[in-house]
Amino acid sequence: MSEMDQSVSAFSVRVESIREVSRLEYAAREAGRYPVHIRGWQCLTFGDLFDEFAAAFQFPGYFGYNEHALLECLQDFFDEDIQYQAAASGLDLIIWHADKVLRDGNGLQGRLDLELFIKILGSAVSEIRSPKAIRSGFEPVSRSVTVYLQFDDDDAASDLARWTSAGLRYPKSDR
């Protein structure tokens, strides 16, 4: 798994209500982007997270429900999904209630799980950002991918600190 380019972060942090962040989805569609939202409250464990991503991205039935399969299916989605390819501006991945993601892991294991998830997302984003030959009929272009993390609870600062301690890098002006 390749490391995410730390000099250019794809993550954007929003401390707002879901209603406010859901406007991103509508704005993305209007701008020709492909929005996908993940329900953080459905991602308490890695098993839950795999289920949520499989449903949101419509992974094939052979999806292996492990970190390697998640990365591979995300990369395949970016290479092969016709609707995504038609959204020439790129992808917006919106994770609602990011404070709940992988929350069932305790102590060091919980931190390691979140760290692995951040690396998987970073690798997938790096893959799609690099121009390469993609499905025939579409130009090989570098597409933008933005991952929005939505926090709306009273502990947004400590929730964000949990993500940053696990390796999240994002432009500080986003918050």
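Q: Where in this predicted model does Leu 102 lie?
A: Leu 102 sits in the loop that runs between strand S3 and helix H5.

Q: What makes Leu 102 count as buried?
A: Its relative accessibility is 2%. The cut-off for buried is under 20%, so Leu 102 falls on the buried side of the line.

Q: What is the sign of phi at Leu 102, and what kind of residue is it?
A: The phi of Leu 102 is positive, near 55°, and this is a residue other than glycine.

Q: What other residue of the loop between S3 and H5 can we look at?
A: Try His 97, which also lies between S3 and helix H5 (107-129). His 97 is not a glycine, yet it has a positive phi of about 50°.

Q: Why is His 97 called buried?
A: The value for His 97 is 17% relative accessibility. Buried means under 20%, so His 97 meets the condition.

Q: Why is Gly 64 called partly exposed?
A: Gly 64 has a relative accessibility of 40%. Partly exposed covers the range between the buried limit of 20% and the exposed limit of 50%, so the value for Gly 64 belongs there.

Q: Where is Gly 64, and what separates its C-alpha atom from that of Phe 50?
A: Gly 64 is in the loop between H2 and helix H3 (67-80). Its C-alpha atom is 9.0 Å from that of Phe 50, a residue 14 positions away along the chain.

Q: How do you know that the length of helix H1 fits a helix of 13 residues?
A: Helix H1 covers residues 18-30, and at 1.5 Å a residue it should span 18 Å. Its end C-alpha atoms are 19 Å apart, which agrees with the expected span.

Q: What about the length of H2?
A: H2 has 12 residues, for which 16 Å is expected at 1.5 Å a residue. From first C-alpha to last, H2 reaches 16 Å.

Q: Which residues of H2 are buried, and what follows the helix?
A: The buried residues are Phe 46, Leu 49, Phe 50, Glu 52, Phe 53, Ala 54 and Phe 57. Just after H2 comes Gln 58, with a positive phi of about 55°.

Q: How do you know that the buried residues of H1 line one face of the helix?
A: Start with the list: Val 21, Ser 22, Leu 24, Glu 25 and Ala 28 are the buried residues of H1. Looking down the axis of H1, they fall within an arc of 130°, so they line one face. Here is the background: an α-helix has 3.6 residues a turn, so residues three or four places apart point the same way.

Q: What covers the buried residues of H1, and what is on the face turned away from them?
A: The cover includes strand S1 (11-15), strand S2 (34-39), strand S3 (90-96) and strand S4 (144-151). On the face turned away, H1 carries the exposed residues Arg 19, Tyr 26 and Glu 30. Just after H1, Gly 32 takes a positive phi of about 80°.

Q: What makes us say that the buried residues of helix H6 line one face?
A: In H6 (residues 156-165), the buried residues are Ala 156, Asp 159, Leu 160, Arg 162 and Trp 163. Seen down the axis of H6, these lie within an arc of 150°, so they line one face. After H6 comes Gly 167, with a positive phi near 115°.

Q: How many disulfides does the structure have, and why are Cys 43 and Cys 73 called buried?
A: A search of the whole structure finds zero disulfides. The relative accessible area of Cys 43 is 1%, and the relative accessibility of Cys 73 is 7%. The buried cut-off is under 20%, so Cys 43 and Cys 73 both count as buried.

Q: Which elements have the lowest and the highest mean pLDDT?
A: Helix H4 (residues 82-86) has the lowest, 63, and helix H2 (residues 46-57) the highest, 95. Over residues 1-8 the pLDDT is below 50. Where pLDDT is low, the predicted coordinates should not be read in detail.

Note on methods:
Residues numbered from 1 in each chain as written. Predicted model: local features only at pLDDT ≥ 70, side-chain atom pairs only at ≥ 80, totals over all residues. Heavy atoms only, no water. Disulfide = S-S within 2.5 Å. Buried < 20%, exposed > 50% of the residue type's maximum accessible area, 1.4 Å probe, protein only. Helix = DSSP H or I, 4+ residues; strand = E, 2+ residues; numbered from the N terminus. Expected span 1.5 Å × (residues − 1). Arc of directions from axis to C-beta. Contact = heavy atoms within 4.5 Å. pLDDT = per-residue confidence, 0-100.
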